[in-house]
Amino acid sequence: MPVAALSHVVAHGQMVFVSGVLGTDAAGTLIGDTVEEQTARAFANLRLALAAVEADLINVVQVRVFLADCADLAEMNHAYVSAFGKHRPARTTVGGQLALGAKIEIDCIAIR
């Protein structure tokens, strides 16, 4: 994840807060041209952030998804379900312009 003026993950007691992640590689380059590809990569980045504080996606209780284009909702949902399986945290999805021209950004709250 690229260097930024923020903490990528903060653990406070049992609570874990992960800042918004994009579908980028370690150098900050977007991976994939589709929202599904970028969503899959964003979830890989979420897993890395959660693992740093000994948590995983199963610990996630709330997710916020930011889409550059809300017309991509169905495609994003496909990758979202692939990542979470049967686990269904609370979720908010909103649209708007994103950093780096990304198609998706995801943040979350987890309980360890």
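**A friendly note on strand β5 and helix α2**

1. Let us begin at one end of the β5 pairings: M15 has I111 as its bridge partner in β5. Please keep in mind that this is a predicted model. M15 belongs to strand β2, residues 15-21, which is joined to β5 by 5 bridges, with the two strands running antiparallel.

2. Strand β5 also pairs with β3. That pairing is antiparallel and counts 7 bridges. Two of the facing residues are worth finding on screen: R64 has D107 as its bridge partner in β5, and V65 stands opposite I106 in β5.

3. Now follow β3 to another partner. β3 and β4 pair over 6 bridges, this time in the parallel sense. V65 is a handy landmark here, as T93 of β4 stands opposite V65, while I106 of β5 stands opposite V65 too. When you look at these strands, it helps to remember that side chains in a regular strand alternate between the two faces of the sheet.

4. D107 deserves a closer look. This residue sits in strand β5. Is D107 buried or exposed? With a relative accessible area of 11%, D107 falls under the 20% cut-off, so it counts as buried. Its side chain is not without a polar partner: a polar contact of 2.7 Å links the side chains of D107 and R64. The two residues are therefore linked in two ways, as bridge partners and through this side-chain polar contact.

5. Which residues does D107 touch, apart from its neighbours within four places in sequence? They are V18, S19, G20, Q62, V63, R64 and F66. You can pick these out one by one around D107 in the viewer.

6. Next comes helix α2, residues 73-84. Why does its length look right? Its 12 residues, at 1.5 Å a residue, should span 16 Å, and the end C-alpha atoms are indeed 16 Å apart, so the two values agree. Just after the helix comes G85, with a positive phi near 60 degrees.

7. Which residues of α2 are buried? They are M76, A79, Y80, A83 and F84. These residues cover an arc of only 125 degrees around the axis, so they lie on the same side of α2. They pack against four elements: α1 (35-51), β3 (60-67), β4 (90-95) and β5 (104-111). The helix thus touches the strands met above, because contacts within 4.5 Å tie its buried residues to β3, β4 and β5.

8. What does the other face of α2 carry? The face turned away from the buried side holds the exposed residues A74 and S82. S82, a residue of helix α2, has a relative accessible area of 55%, which is over the 50% cut-off, so S82 is exposed. A polar atom of its side chain lies 3.1 Å from the backbone oxygen of H78. For a sense of distance, the C-alpha atoms of S82 and I109 are 19 Å apart, and the two residues are 27 places apart along the chain.

9. On to the cysteines. How many disulfides are there? The count is 0. C70 is in no disulfide, and the nearest cysteine sulfur to its own, that of C108, is 20 Å away. A disulfide is a covalent bond between the sulfur atoms of two cysteines. Seen from C108, the closest cysteine sulfur is the one in C70, and because the cut-off is 2.5 Å, a separation of 20 Å is too far for a bond. The two residues also have their own surroundings: C70 is partly exposed, with a relative accessible area of 48%, whereas C108 is buried, at 3%.

10. Finally, two loop residues may catch your eye in a backbone plot. Most residues other than glycine have a negative phi. E54 has a positive phi, near 60 degrees, although E54 is not a glycine. This residue lies in the loop between α1 and β3 and is exposed, with a relative accessible area of 73%. L100 is the other case to check: its phi is positive as well, near 65 degrees, again in a residue other than glycine. L100 lies in the loop between β4 and β5 and, at 56% relative accessibility, counts as exposed.

Definitions and conventions
Residues numbered from 1 in each chain as written. Predicted model: local features only at pLDDT ≥ 70, side-chain atom pairs only at ≥ 80, totals over all residues. Heavy atoms only, no water. Expected span 1.5 Å × (residues − 1). Buried < 20%, exposed > 50% of the residue type's maximum accessible area, 1.4 Å probe, protein only. Arc of directions from axis to C-beta. Polar contact = N/O pair within 3.5 Å; in protein donor to acceptor, adjacent residues only side chain to side chain. Pairing = 2+ DSSP bridges.
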